[in-house]
Amino acid sequence: MKNIAIAIGALAGASAQSEPYNGMCTTMGFGTSATSDGSTMITHTADCKDCDFRLDKTPPANHDLDLNPNRPVYRYRRQYPRLVAEERGSTWQPTNLESEFSSDWSSKEYIDSQIVGYIPQVSHTYGLFESLFAIMNDQQVAIGESTSSARFGENAVPRECPTCPGPLVDVAAISLVALERCKTALCAVEMMGELATKYGYYGAETEEGDRGEALTVSDPTSVYMMHLSPDPTATTAVWVARRVPDNHVTAAANQFVIRGINKDTDLYSKNIFQVAVDAGVAAYDADGNLDFLKSYGVDSQPGPGLLRKSEYTTDRIWRIYSLLAPSKNFHRKTDCYGSDFPFSVEVEFPVTPQFVMNINRDHYSGTELDLTKGFASGPYSNPVRYDPGNGWPDESYAHNENNITEWERSHGAFPRAIGIMRTSWHFVAQLRSDLPTEVGAVLHYAQHQPVTSVYTPLYGSISEVPAPFTRGSLYSFSDDSMFWKFCSVGNYAQLAWKYIFPDIEAVQMELEENFFKERGQIDATAKSILEADGRDAAVKYLTEYSNTAANDVFDEYKGLFAHVLGKFHDGAISRPETNVYDASEYFYPQWWLKQSDFFTNVLGDNGWSLEGIKVSLSHVFSPEVAEYISNKFLGHGVGLGVKSSKFLNLDSSLVIAFMAGGVTVVLAAIFVRVSMGLRTSGYTKISDN
């Protein structure tokens with residue numbers, strides 16, 4: 001009973017507790033004329049450090065409304081288990097639970113506690129892929145998501161029980177209902193809006209300011225961007241939606257992107273204008289249109305929530321639009337609202353699913369923010385940046401091993417890339433109008449970080465999710481889970497990224513290229529089976545194909561981890577080309593060694609050799625000063641390949657010594673420092689290598 005109480009308590013508190021960097025997803029939407037094959041595409045990276053990463057396929061169903069007239073609505077929960085419900089797909093079944101709490105989570109008491117209310121059921125519901133949110137149904141409608149900062153919603157706390165007061169629905173609930181019932185993107189947009197305004201809406205992530213949602217909603221012919229926010233009374237919601245031009249891409253990165261609302265072409269809730277006026281927050285654009293972002297987003301910067309540092313969002317929009325419309329020459333620097341970036345931009349070339357996948361993997365390569373460069377990337381060009389934290393926690397989680405203040409934690413930042421390590425799952429949903437509904441929708445799906453995982457094609461009509469995508473949790477490693485296969489390879493690559501990642505990328509690209517090469521034949525075969533033998537036979541064929549594809553990826557990554565572990569370990573690269581074992585040490589680059597103790601004792605080597613003095617100079621001083629001293633007093637350059645003309649971080653005592661007594665005094669000062677065993681990294685300019 002104690003464990004059941006703990007489990008139910010955790011469920012009740014799941015939507016009331018949130019920490020910085022829990023979510024923060026990115027979503028994009030592409031119109032039919034923006035893509036290489038006339039399909040629409042949306043993508044979503046679910047960037048969550050503690051989410052249930054499993055994928056479910058809830059099958060289509062007919063409902064006896066006399067027997068069960070109501071549909072249950074579940075409280076939002078992101079952590080494992082996202083949901084335990086016998087009426088959904090096999091992933092959410094009590095029999096698919098693991099961990100020490102599995103018996104408690106499968107109890108009737110816990111299962112019933114997830115239900116916070118009911119809405120009227122309909123006679124037939126469509127099948128759909130779902131995870132934390134609804135993803136895509138078997139009618140070729142898909143939804144992507146990005147949690148966004150919103151002004152209102154602090155008081156919008158989900159109800160505790162079906163008869164309790166409070167808002168009933170969140171983005172997960174309304175997206176599930178929409179994909180159960182809609183055959184078009186327009187229907188899904190309108191239904192989600194109606195549910196939110198009718199039943200009361202609460203933000204899934206309740207960290208201060210982070211209560212809004214930006215959704216991409218698509219079918220084979222149209223794409224919409226939709227925004228939702230709780231209203232100030234916590235009894236309803238405001239929402240707006242805009243169709244994306246067919247030759248454009250739109251994107252959201254934890255911030256609303258719809259600005260002035262066009263009353264003639266946009267869709268919106270009836271209360272959207274009056275709520276802003278009554279609350280005293282109405283802001284207007286130059287044409288007198290209500291600015292949704294300024295009215296319902298955050299007040300200013302720095303501010304609460306995700307937009308405490310606005311570059312966290314605007315850098316991603318800048319990168320997406322720069323990759324897809326390079327001639328526009330978008331400038332990265334903008335205001336906190338991203339006012340220099342439009343709602344959408346015309347793409348300058350036909351976009352393929354592969355290109356979208358690579359955007360999801362992007363680390364700002366070749367830009368001023370390139371995450372493979374600089375000291376934070378370590379000696380091996382690792383693009384992964386961890387979220388701010390306090391180090392190893394004690395039992396109270398109050399220990400601060402890193403000695404970082406809360407102010408430093410919240411105001412310091414690395415560049416936020418589109419692809420990051422704490423991704424639970426990500427997808428590219430491709431919807432095609434030139435094929436039958438059973439064949440046209442393909443969910444290119446993967447788990448863990450995009451840069452080291454593989455997108456597997458899952459057709460929208462398949463009857464079940466491949467087993468590796470339905471297993472595992474963050475509680476412990478699971479050898480039969482696709483997430484953990486990707487996670488193992490991706491984490492090992494961080495040990496020596498620039499050496500290990502090329503081997504991973506080769507396997508990744510080969511698998512994905514083969515999937516696309518066989519796509520035409522798979523489509524044609526499925527269409528032929530559909531015409532000759534009917535829907536069930538076609539679904540069976542596509543289910544078997546998707547299962548085979550997923551199992552191939554699973555097996556390849558099982559072997560890939562063994563390969564990289566065997567080839568790259570203990571600072572060496574195995575070279576088994578001959579019958580004599582040989583390993584090449586990859587060691588560390590000079591620029592990185594100069595931040596360590598490696599050169600500390602170099603002055604004592606070789607009896608104060610000229611070379612030792614030169615190296616010590618380069619270690620203690622910035623490269624420019626070391627070069628100058630060496631040339632002027634020793635007659636030899638130290639050959640450091642200087643790139644910058646700035647002198648940085650000179651130790652004042654050494655500068656004074658140099659000015660007063662020349663090189664002899666300087667060398668004496670160096671000797672004192674080295675003999676004392678002091679590290680000199682604080683006095684050395686960090687090279688951009």
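The following legends describe close-up views of a predicted model.

**View 1. Strand β1 and its two partner strands.** Strand β1 comprises residues 26-30, and five of its five residues are buried, so the strand is largely enclosed by the rest of the structure. Thr 26, Met 28 and Phe 30 point one way from β1, while Thr 27 and Gly 29 point the other way. Strand β2 (residues 40-47) is joined to β1 by five bridges, and the two run antiparallel. Strand β14 (residues 248-252) also runs antiparallel to β1, to which it is joined by four bridges. Phe 30 can be used to locate both pairings: it stands opposite Met 41 in β2, and its bridge partner in β14 is Val 249.

**View 2. The surroundings of Ala 237.** Ala 237 is found in strand β13, which spans residues 237-243. Its relative accessible area is 0%, and because this value is under 20%, Ala 237 is buried. Leaving aside residues up to four places away in sequence, Ala 237 touches Ala 196, Thr 197, Tyr 201, Ser 229, Pro 230, Asp 231, Ser 269 and Asn 271. Thr 197 is 40 residues from Ala 237 in sequence, yet the C-alpha atoms of the two are 4.7 Å apart in space.

**View 3. Asn 491 in helix α12.** Helix α12 covers residues 482-493 and includes Asn 491. With a relative accessible area of 38%, Asn 491 is partly exposed. Asn 491 and Gln 449 are separated by 42 residues in sequence and by 9.6 Å in space, C-alpha to C-alpha.

**View 4. Packing of helix α13 against helix α15.** Helix α13 (residues 497-517) packs with helix α15 (residues 535-567) at an angle of about 165 degrees, and their axes are 10 Å apart. This angle makes α13 roughly antiparallel to α15. The crossing of the two helices is right-handed. From α13, the contact involves Ile 500, Asp 503, Ile 504, Val 507, Gln 508, Leu 511 and Phe 515. These residues meet a set in α15 that includes Tyr 545, Ala 549, Val 553, Glu 556 and Tyr 557, as well as Leu 560, His 563, Val 564 and Lys 567. By class, the contact of α13 with α15 has 11 nonpolar, two polar and three charged residues.

**View 5. Packing of helix α14 against helix α15.** Helix α14 (residues 519-533) and α15 pack at an angle of about 155 degrees, with 7 Å between their axes. The angle makes α14 roughly antiparallel to α15. On the α14 side, the contact is made by Ile 522, Thr 525, Ala 526, Ile 529, Leu 530 and Asp 533. The α15 side contributes Arg 535, Ala 537, Ala 538, Tyr 541, Leu 542 and Tyr 545. Nine nonpolar residues, one polar residue and two charged residues make up the contact of α14 with α15. Tyr 545 of α15 appears both in this contact and in the contact with α13.

**View 6. The open sheet of β20, β21 and β22.** Three strands form an open sheet in the order β20-β21-β22, with antiparallel pairing. The edges are occupied by β20 (568-569) and β22 (583-585); each has a single partner strand, so one side of each is left without a neighbour in the sheet. The antiparallel pairing of β20 with strand β21 (residues 572-574) extends over two bridges. Phe 568 has Ile 573 of β21 as its bridge partner.

Note on methods:
Residues are numbered from 1 along each chain as its sequence is written. This is a predicted model: local features need pLDDT of at least 70, side-chain atom pairs count only at pLDDT 80 or more; totals for chains, interfaces and linings use all residues. Side-chain values use heavy atoms; hydrogens and water are left out. Axes are lines fitted to C-alpha atoms, for helices over the stretch in contact, and angles run from 0 to 180 degrees between N-to-C directions. Angles under 35 degrees count as roughly parallel, over 145 as roughly antiparallel, 65 to 115 as roughly perpendicular and the rest as oblique. A crossing is left-handed if the near helix is turned anticlockwise from the far one by less than a right angle, and right-handed if clockwise. Contact means heavy atoms within 4.5 Å. Ala, Val, Leu, Ile, Met, Phe, Trp, Tyr, Cys and Pro count as nonpolar, Asp, Glu, Lys and Arg as charged, and the others, Gly among them, as polar. Two strands pair if DSSP finds at least two bridges between them. Buried means under 20% relative accessible area, exposed over 50%, partly exposed in between (1.4 Å probe, protein chains only).
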